[in-house]
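Me: Please take a close look at one part of this molecule and at what surrounds it. I should like a single connected account, with the cut-off for each term.

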Amino acid sequence: MKNQRIFPGIILVGFGAFLFLQQSGFTVLQTLYSWPTLLIIIGLAFLGQGYSANDHESILPGVIIAGFGLHYHLAGKILIWPNNTIGMLVLFISIGYFLRFQKTNNGLFQAFLFLVLALLLLFYDKVAEYLGFLQNGLSIVWKFWPAIIILIGLFLLFKRKK
């Protein structure tokens, strides 16, 4: 019974604090009075449920939701923070899988897969520039890399276990 109170407890405390600070006119935190802050609160509630209640499946959505809220707060405000929303979403999925793997020993392949995809998405321009320096043979591979990813995915879907 105690485990079922963690998620709604964090949601109520977080939303209550958010609304209280917003109504009080506390101007120091004015930039936090927006919907990304609510995403962070919801993500933290999932993480609290995942770690405190040993509901390890809640870790992945917690990281994704809190990470997305953090991304929307920091994108465009901090120079080193990437503006690539899709790349950041895939990176947060990877981080979520890594954190869940620590507790369940399951999902390491997915964590690395999403990490590689995130790095490709986040640094696409730099990778394309680097590959431009290489010979033409690799540039053909680079041109068709989405098709290669699709073929690998189809292989994994239809591969039969021995």
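Reply: Helix α4 and its surroundings

Thr-85 touches Phe-68, His-71 and Tyr-72, leaving aside residues up to four places away in sequence; a contact means heavy atoms within 4.5 Å. The model is a predicted one, in which local features need pLDDT of at least 70 and side-chain atom pairs count only at pLDDT 80 or more, while totals for chains, interfaces and linings use all residues. Residues are numbered from 1 along each chain as its sequence is written, and side-chain values use heavy atoms, with hydrogens and water left out.

Thr-85 belongs to helix α4, where helices (H or I, at least four residues) and strands (E, at least two) are DSSP runs numbered from the N terminus. With a relative accessibility of 25%, Thr-85 counts as partly exposed; buried means under 20% relative accessible area, exposed over 50%, and partly exposed in between, for a 1.4 Å probe and protein chains only. From C-alpha to C-alpha, Thr-85 lies 8.7 Å from Ala-75, a residue 10 places away in sequence.

The helix itself has 20 residues, and α4 reaches 28 Å from its first C-alpha to its last, close to the 28 Å expected at 1.5 Å a residue. The expected span is 1.5 Å times one less than the number of residues. The buried residues of α4 are Gly-87, Met-88, Val-90, Leu-91, Phe-92, Ile-93, Ser-94, Gly-96, Tyr-97 and Arg-100. Their cover includes α3 and α5.

Arg-100 deserves separate attention. Its relative accessibility is 10%, and Arg-100 therefore counts as buried. The side chain of Arg-100 meets that of Glu-57 in a salt bridge, at 3.0 Å from N to O. Glu-57 sits in the loop between α2 (35–52) and α3 (59–74), whereas Arg-100 is in α4 (residues 85–104), so the pair ties together parts that are 43 residues apart in sequence. A salt bridge here is a side-chain nitrogen of Lys or Arg within 4 Å of a carboxyl oxygen of Asp or Glu, and by this rule the count comes to 1.

The loop that holds Glu-57 also contains Ser-58 and Asn-54. Ser-58 is buried, at a relative accessible area of 8%. Leaving out residues up to four places away in sequence, Ser-58 touches Phe-46, Leu-47, Gln-49 and Gly-50. Three of these contacts, Leu-47, Gln-49 and Gly-50, are themselves listed among the buried residues of α2. The cover of the buried residues of α2 includes α1 (6–24) and α3. With 18 residues, α2 should span 26 Å at 1.5 Å a residue, and its end C-alpha atoms are 25 Å apart, which agrees.

Asn-54 follows α2 and has a positive phi, near 55°. Most residues other than glycine have a negative phi. Unlike Ser-58, which is buried, Asn-54 is exposed, with a relative accessible area of 57%. Beyond α4, Asn-105 occupies the loop between α4 and α5. Asn-105 too is not a glycine, yet its phi is positive, at about 55°. A relative accessibility of 63% makes Asn-105 exposed.

On the far side of that loop is α5 (108–122), which, like α8 (145–158), supplies at least two residues of the lining of the largest pocket. A pocket is an open set of points on a 1 Å grid over the protein atoms alone, where a 1.4 Å probe fits, with protein on both sides within 12 Å along at least five of seven lines; lining residues have an atom within 4 Å of a point. The largest pocket holds about 180 Å³ of space, a volume being the space filled by probe spheres set on the points, which are joined across faces, edges and corners. The lining comprises Phe-109, Leu-113, Val-116, Leu-117, Leu-120, Ile-149, Ile-152, Gly-153 and Leu-156. Of these, α5 gives the most, with 5 residues. By class, the lining has 8 nonpolar, 1 polar and no charged residues; Ala, Val, Leu, Ile, Met, Phe, Trp, Tyr, Cys and Pro count as nonpolar, Asp, Glu, Lys and Arg as charged, and the others, Gly among them, as polar.

For the wider setting, the protein has 8 helices and 0 strands. Of its 162 residues, 29% count as buried. Among contacts with a separation of 6 or more, 51% join residues 24 or more positions apart.
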